[in-house]
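Trainee: Could you take me through the ligand site of this protein, and then show me how the site fits into the domain layout? I would enjoy a close look.

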Amino acid sequence: MRFVVVGGGVAGVCCAEELCRLRPQDEVTLVSASRVLKGVSVVARLSRNLEELALVERRLDELPYSNLRLVQDVAAGIDTEGQALLLGGGGRLPYDKLCICAGARPKELPPSVFHASGEQPAGGVPTQQAPQAQQADRDAELAALRQRVLTIRDTDSVARLAARLRRSRRVVVVGNGGIALELISGLKGADVTWVMKHAHIGDAYFDLDAAQFLLEELQHQRRVAAAAAAAAADGGLRVNRQMQSSDPAIYAAGDSASCQWAADESRHWFQMRLWSQARAMGVYAAHCMAGVQDQTGSDMAFELFTHVTRFLGKKVVLLGLYNGQRLGGEAEQDVVTYSRIDEEPEGRSFVRVLLLRGRVQGAVLIGETDLDETLENLIMDQLDVGSYGPHLLDPDVELDHVFD
Ligand SMILES: Cc1cc2nc3c(=O)[nH]c(=O)nc-3n(C[C@H](O)[C@H](O)[C@H](O)COP(=O)(O)OP(=O)(O)OC[C@H]3O[C@@H](n4cnc5c(N)ncnc54)[C@H](O)[C@@H]3O)c2cc1C
């Protein structure tokens, strides 16, 4: 069997390594544009499902598999009938099973949003026809404007941004995900405007209460202005519960996969483009490609959404359907949230739980709360704790006793 994996990021490396381990007699080819590969290391294990991860760079010669071959090239196309990957350098790589782990691209601002001075926005009526010389000036102005817009995706693009920030007095950050949140908290010394389409910060992670808690933390450090803007769609390769695309010989994992699975296929899990998910998908795709997924139980990684990160220096743990993801169709009175803020000498902490008909579906924990594992178990076990009402989060309530 010939396995080919495209992409030297977390998903691709995990997928290729797992295939080498599972199928030492088969050839595994990893196609990567760069010799420097990415992986993750576990910084801290907080519970059965919760791990704090860090991104690490790995060299090909660190991967100890004799059946692994690295092709340093760009995948330029796929001949699906002939089952071959077409390489930018002109070669063809035949495969029996192919996994696409080519990551994602940042959403760039479309050319139509750039306007030279005195120009009408798209759809407006120009007041006069610009003469050729004036047009050339405008083209130059537009090109200069476009150069001022940077997107970040990888180490190189972050280095470019850091170099430009050293010379910048005013910075506009567009977007409201985890990257924007981290960038804003790290920007020092510049006048920052934060542009988002949502009513509160960190909409992808937090509801209004948690966002308010973090915004207060942030406002200690800087003043932030918010305004309104637009967004775009997913664009990934749609895969089924076995990471297979509509072509059964082609799989996808990591950021390039789009997992729009039904709720009964992954009850408390949903896709968010993260290192942990890239790793889990890479490994699971390898198991599916090798046909061993039923024996390994690696699809357990898709039962509960977990993410551990740090915002504003505080540990943030996100569990399950913490923001009511997928619960939009439930009756309003069946969904309740309880939250608590603790002021401890070592810092403030915040907990919010979300319950559906008395059963915990998700939680947000900010700071040191000591509740990670208990809430994880409550979500996995789906015990009815509705009788506690808002007292569920009282410090005096011994939640561990619920399991006895
Ligand atoms: C600025 C930034 C900060 C982030 N911070 C965090 C964080 O703190 N925590 C977290 O969990 N997640 C974070 N993420 C998200 C995380 O980086 C991604 O979810 C994860 O890296 C996805 O892994 P992947 O292997 O799917 O894709 P990638 O890591 O993007 O790897 C894709 C690889 O494929 C290669 N490739 C692409 N096209 C081709 C081609 N045609 N031929 C050959 N190779 C190709 C690329 O060069 C790249 O090496 C962050 C993302 C960004 C952009």
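Mentor: Happily; here is a walk from the ligand outwards to the domains. Keep in mind that this is a predicted model.

Let us begin with the residues around the ligand. There are 25 of them, and Ala11, Ala75, Arg153, Asp255 and Trp275 come nearest. Sorted by class, the shell has 13 nonpolar residues, alongside six polar and six charged ones. If you look for helices here, α1 (10–22), α4 (178–186) and α6 (275–289) each supply at least two residues of that shell.

Now for some individual atom pairs. The backbone of alanine 75 has a polar atom 2.8 Å from a nitrogen atom of the ligand. Tryptophan 275 also brings in its backbone, with a polar atom 2.8 Å from an oxygen atom of the ligand. With lysine 38 the side chain takes part: one of its polar atoms lies 3.2 Å from a ligand oxygen. As for cover, the ligand on its own has 1,000 Å² of accessible area, and the protein covers 80% of that.

Where does this place the ligand in the chain as a whole? The domain assignment gives domain 1 (2–104 + 236–303), domain 2 (138–227) and domain 3 (307–403). Domain 1 and domain 2 both give residues to the shell, so the ligand lies between them.

Domain 2 has a contact with domain 3 as well, and it deserves a look while you are here. The centres of these two domains, taken over C-alpha atoms, are 29 Å apart. Their contact takes 17 residues from domain 2 and 19 residues from domain 3. About 1,500 Å² is buried between domain 2 and domain 3, and carbon and sulfur atoms give 65% of this area.

Before you leave, turn to two backbone details. Most residues other than glycine have a negative phi. Leucine 312, in contrast, has a positive phi, near 50°, and sits in the loop between β16 (306–311) and β17 (314–320). Glutamine 382 is another non-glycine residue with a positive phi, of about 55°, and its place is in the segment after α8 (372–381).

Definitions and conventions:
Residues are numbered from 1 along each chain as its sequence is written. This is a predicted model: local features need pLDDT of at least 70, side-chain atom pairs count only at pLDDT 80 or more; totals for chains, interfaces and linings use all residues. Side-chain values use heavy atoms; hydrogens and water are left out. A residue is near a molecule or strand if one of its heavy atoms lies within 4 Å of it. A polar contact is a pair of N or O atoms within 3.5 Å; within protein, one must be able to donate a hydrogen and the other to accept it, and residues adjacent in sequence count only if both atoms are side-chain atoms. Accessible areas come from the Shrake-Rupley method with a 1.4 Å probe; for residues, only the protein chains shown count as cover. Helices (H or I, at least four residues) and strands (E, at least two) are DSSP runs, numbered from the N terminus. Ala, Val, Leu, Ile, Met, Phe, Trp, Tyr, Cys and Pro count as nonpolar, Asp, Glu, Lys and Arg as charged, and the others, Gly among them, as polar. Domain bounds come from an automatic or database domain assignment. Contact means heavy atoms within 4.5 Å. Buried area is the accessible area (1.4 Å probe) that two parts lose on being put together, summed over both.
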